[in-house]
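Student: I have not worked with this structure before. Could you take me through it step by step?

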Amino acid sequence: ILTMEAAKLKSFLECPICFLLPTGRIFSCVNSHHICESCYDKLPWARKCPQGCDYDNPPRRARGFETLIENSSLKGNCSKPGCNVEMKKDDIAAHERKCIFRPVPCPDSACQKDVLFKNIDQHIRESHKDKIIKSKPRIEPFLRDANLNEQNRHWGLYTYQENEIQFYLIIVKRNYHWYSWVSIKDDPVAASTWMCAAKAKNDENKIAVEFSGVVHPVDLGVEEIIKTGQYLLLNKNSLEKLKVPSQRAIQKGCDSGIGIDFKITKN
């Protein structure tokens, strides 16, 4: 029986580009140089093996390597740059979904820059000094009459903390509609344990618009959240009835404002 030391076997099976043990498909060029699927996908459009060889179209699978990895007890590495965690191959995917080195979009809808999860607070402190810290889960965005006819608009970042858990209260306008939701500074699994209700109302005009649904993980960007359908949705007609004159709004150079109250609860 042929045997090989675990360290040598792992070195043999690692992708020669990222030096990680592949957890998915492995491809091979016409000269049998292997590469993991993630690195293959990052190759330029006219894909060439890093050693200059051609790939078939579609590329051939290095199934021997895949079988060796599948049946080995080797520990795999997290694929996020900067993370040195090693664990059982079957546990890597779950770890990567919550790895502090994973990139996430800035929760400020006007920014959306990818930052490492572990650096979110620092990024917000340095790049969004105009954020509004809320002591209660309520936002009161100010409006100018001209805003009603704008196609897109951002209202900055509202942050709210409850029991040392950080939430982001978001309102944004896209394609003439207003969307408002709650995101949490946490991963998708943790976010799934929370729910939120949102309500905008104007008692004088006897109108209220409500929503009840999920809290979004910070991993999702604006466009991804809009695709979920999980948010408070307002159109121009409802907003005109919901807005109220506000002295504070006038002081800020605006005409009126709306109030949106959130209730955030654990499942």
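Tutor: This is a predicted model, and we shall go from the overall chain to its strands, its aromatic rings and its cysteines.

Student: How many helices and strands are there in the protein chain?

Tutor: The protein chain has nine helices and 21 strands. Its radius of gyration is 25 Å, whereas the globule rule gives 18 Å for 267 residues, so the chain is more spread out than a compact globule. The C-alpha trace spans about 85 × 40 × 30 Å along its principal axes.

Student: And how much of the chain is buried?

Tutor: Of the 267 residues, 43% count as buried. The area that the chain exposes is about 15,500 Å², and carbon and sulfur atoms supply 49% of that area.

Student: Let me pick a strand. Is E14 mostly covered or exposed?

Tutor: Strand E14, residues 177–184, is mostly covered, with seven of its eight residues buried.

Student: Which strands does E14 pair with?

Tutor: Strand E13 (residues 165–174) runs antiparallel to E14 and is joined to it by eight bridges. E18 (residues 232–234) is also antiparallel to E14, with three bridges between them. E17 (residues 216–217) runs parallel to E14, and two bridges join them.

Student: Which residues face each other there?

Tutor: Ile170 has Trp181 in E14 as its bridge partner. Tyr179 stands opposite Leu233 in E18, and Ile184 has Pro217 in E17 as its bridge partner.

Student: What lies between E13 and E14?

Tutor: The two strands form a hairpin with two residues between them. In the turn, Asn175 has a positive phi of about 50°.

Student: Another sheet, please. What is the strand order in the one with E20?

Tutor: That open sheet has three strands in the order E10-E20-E19, paired antiparallel. E10 (142–143) and E19 (244–245) are at the edges with a single partner strand each, so one side of each has no neighbour in the sheet. Two bridges pair E10 with E20 (residues 256–257), and Phe142 stands opposite Gly257 in E20.

Student: Changing topic: how many aromatic pairs does the structure hold?

Tutor: It holds six aromatic pairs. In one of them, the rings of Phe27 and Tyr40 have centres 4.9 Å apart and planes at 70°, so this pair is edge-to-face. Phe27 lies in strand E1 (residues 26–28) and Tyr40 in helix H2 (residues 37–41), 13 residues apart.

Student: Are those two buried or exposed?

Tutor: Phe27 counts as buried because its relative accessibility is 4%, and Tyr40 counts as buried because its value is 8%. Both rings belong to one aromatic cluster with Tyr55.

Student: Which ring pairs with Phe167?

Tutor: Phe167 forms an edge-to-face pair with Trp194, at 5.2 Å centre to centre and 75° between the planes. Phe167 lies in strand E13 and Trp194 in strand E15 (residues 194–202), so the pair ties together parts that are 27 residues apart in sequence. Phe167 and Trp194 are both buried.

Student: Finally, how many disulfides are there?

Tutor: There are zero disulfides.

Student: Why is there no bond at Cys111?

Tutor: The closest cysteine sulfur, in Cys106, is 3.8 Å from the sulfur of Cys111, which is too far for a bond. Cys111 counts as partly exposed because its relative accessibility is 27%, whereas Cys254, at 11%, counts as buried.

How values were computed
Residues are numbered from 1 along each chain as its sequence is written. This is a predicted model: local features need pLDDT of at least 70, side-chain atom pairs count only at pLDDT 80 or more; totals for chains, interfaces and linings use all residues. Side-chain values use heavy atoms; hydrogens and water are left out. A disulfide is a pair of cysteine sulfur atoms within 2.5 Å. Buried means under 20% relative accessible area, exposed over 50%, partly exposed in between (1.4 Å probe, protein chains only). Helices (H or I, at least four residues) and strands (E, at least two) are DSSP runs, numbered from the N terminus. Two strands pair if DSSP finds at least two bridges between them. The radius of gyration is taken over C-alpha atoms; the globule rule is 2.2 Å times the number of residues to the power 0.38. Accessible areas come from the Shrake-Rupley method with a 1.4 Å probe; for residues, only the protein chains shown count as cover. Rings of Phe, Tyr and Trp (its six-membered ring) pair if their centres lie within 6.5 Å; planes under 30 degrees apart count as stacked, over 60 as edge-to-face and the rest as tilted.
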